[in-house]
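Trainee: Hi, have you got a minute to go through a structure with me?
Mentor: Sure, put it up and ask away.

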Amino acid sequence: MDRGNFNQTSQDGWVAFSQHYFVTAWVPQPGQTNTFQTRRVNNEYIAGFLAPAFELAPGDSTEVSATLFVGPKDQEQLEATAPNLKLTVDYGWLWWIAYPLYWLLTFIHSFVGNWGLAIIGITIVVKAALFQLNAKAFRSMAKMRKFGPEMMRMKELYGDDRQKMSQEMMKLYKKEKINPLGGCLPILAQMPVFIALYWVLMESVELRHAPFFWYIQDLSVMDPYFILPILMGVTMFLQQKLNPTPPDPMQAKIMKMLPIVFTFFFLWFPAGLVLYWLVNNILSIAQQWYITRQIENEDKKKEAS
């Protein structure tokens with residue numbers, strides 16, 4: 001609106017102002033063609049519509065109406081008010097993943113009756129659905145961790161000869177059937193799901209003033225005592241301990257700093273979002289520990305045979 005006024009004629013439709021959890025919308029009578037407009041007057045932003053003109057003879061009467069919606073972004077209410085008005089809940093370009101996740105979140109809540117438990121439930125369901133994809137990544141990282149000492153030995157042996165180092169590393173990967181990208185690709189493949197779930201939790205008005213347990217009485221605001229962010233940082237640190245140490249010293253230092261940096265950022269995140277990341281980290285640690293034990297048991301059987 002600062003760049004220029006909007007002016008467009010359309011059949012049906014609506015015009016709205018959105019403010020995170022709330023929306024104000026004018027919805028004209030269905031079936032008529034209206035001109036939707038915006039303008040800025042001084043520091044006031046105005047949006048509305050012009051209905052079709054009509055003539056009224058002396059003594060006659062008619063009725064003109066429109067619907068004004070002012071309230072929270074409850075998607076059922078929005079859809080009942082006007083077609084596609086629920087699009088004011090902005091999930092971004094991953095909306096096609098976010099809408100099924102929102103449905104699943106509300107479905108779980110209908111059983112557990114607590115939005116915090118619903119967040120835990122949907123995190124478990126998503127994690128279970130991506131179990132095999134995660135398993136491939138964790139198996140690859142476990143193998144990289146297993147041969148970490150051998151990689152460090154080669155680095156000391158070949159020093160600054162990067163070409164020779166790369167050749168020997170590729171021989172090791174080929175011999176032990178290690179895919180250096182095996183830990184990254186599965187994680188990248190599932191990132192859209194976790195980003196979409198992030199936006200679902202960020203945009204859902206249902207979390208506003210929704211209590212969890214104990215001192216957390218509003219999942220849409222930050223944890224007042226920072227307990228959840230600190231626990232999230234601790235689980236992130238533990239998860240790093242299960243991953244192979246990067247061969248590059250600078251990269252290793254950066255990775256060590258990440259739990260501290262993320263904890264700092266998450267201090268002001270809504271408690272519902274931090275709860276989601278905390279549960280996700282705990283499940284990842286459990287799965288990674290289980291897969292690492294599996295690989296160790298497989299190696300013991302090979303040695304015994």
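Mentor: We can take the sheets, then the helices.

Trainee: What sort of model is this?
Mentor: It is a predicted model, where local features need pLDDT of at least 70, side-chain atom pairs count only at pLDDT 80 or more, and totals for chains, interfaces and linings use all residues. Residues are numbered from 1 along each chain as its sequence is written, and side-chain values use heavy atoms, with hydrogens and water left out.

Trainee: Which strands make up the open sheet that contains β3?
Mentor: The order is β2-β3-β6, with antiparallel pairing. Strands are DSSP runs of E, at least two residues, and helices are runs of H or I, at least four residues, numbered from the N terminus. Two strands pair if DSSP finds at least two bridges between them.

Trainee: And which strands are at the edges?
Mentor: β2 (15-19) and β6 (66-72), each pairing on one side only. Neighbouring strands here are turned by 5° against each other on average, direction ignored.

Trainee: How many bridges link β2 and β3?
Mentor: Five, in the antiparallel sense, with β3 covering residues 22-28. Ala-16 has Ala-25 in β3 as its bridge partner.

Trainee: What about the sheet with β4, what's its order?
Mentor: That open sheet runs β1-β4-β5, and its pairing is antiparallel. The edge strands are β1 (7-11) and β5 (44-50), and the twist averages 20° from one strand to the next.

Trainee: How many bridges join β4 to β5?
Mentor: Seven, between antiparallel strands, and β4 spans residues 33-41. Thr-35 is opposite Leu-50 in β5.

Trainee: Switching to helices, how do α2 and α3 cross?
Mentor: The axes of α2 (residues 95-112) and α3 come within 8 Å and cross at roughly 125°. Axes are lines fitted to C-alpha atoms, for helices over the stretch in contact, and angles run from 0 to 180 degrees between N-to-C directions.

Trainee: Which label does that angle get?
Mentor: α2 and α3 are therefore oblique to each other; under 35 degrees counts as roughly parallel, over 145 as roughly antiparallel, 65 to 115 as roughly perpendicular and the rest as oblique.

Trainee: What caps the N-terminal end of α3?
Mentor: Asn-114 does, with a side-chain oxygen 2.8 Å from the backbone nitrogen of Gly-116.

Trainee: Which residues of α3 are buried?
Mentor: Among them are Trp-115, Ile-119, Ile-122 and Val-126. Buried means under 20% relative accessible area, with a 1.4 Å probe and protein chains only.

Technical notes: Buried < 20%, exposed > 50% of the residue type's maximum accessible area, 1.4 Å probe, protein only. Polar contact = N/O pair within 3.5 Å; in protein donor to acceptor, adjacent residues only side chain to side chain.
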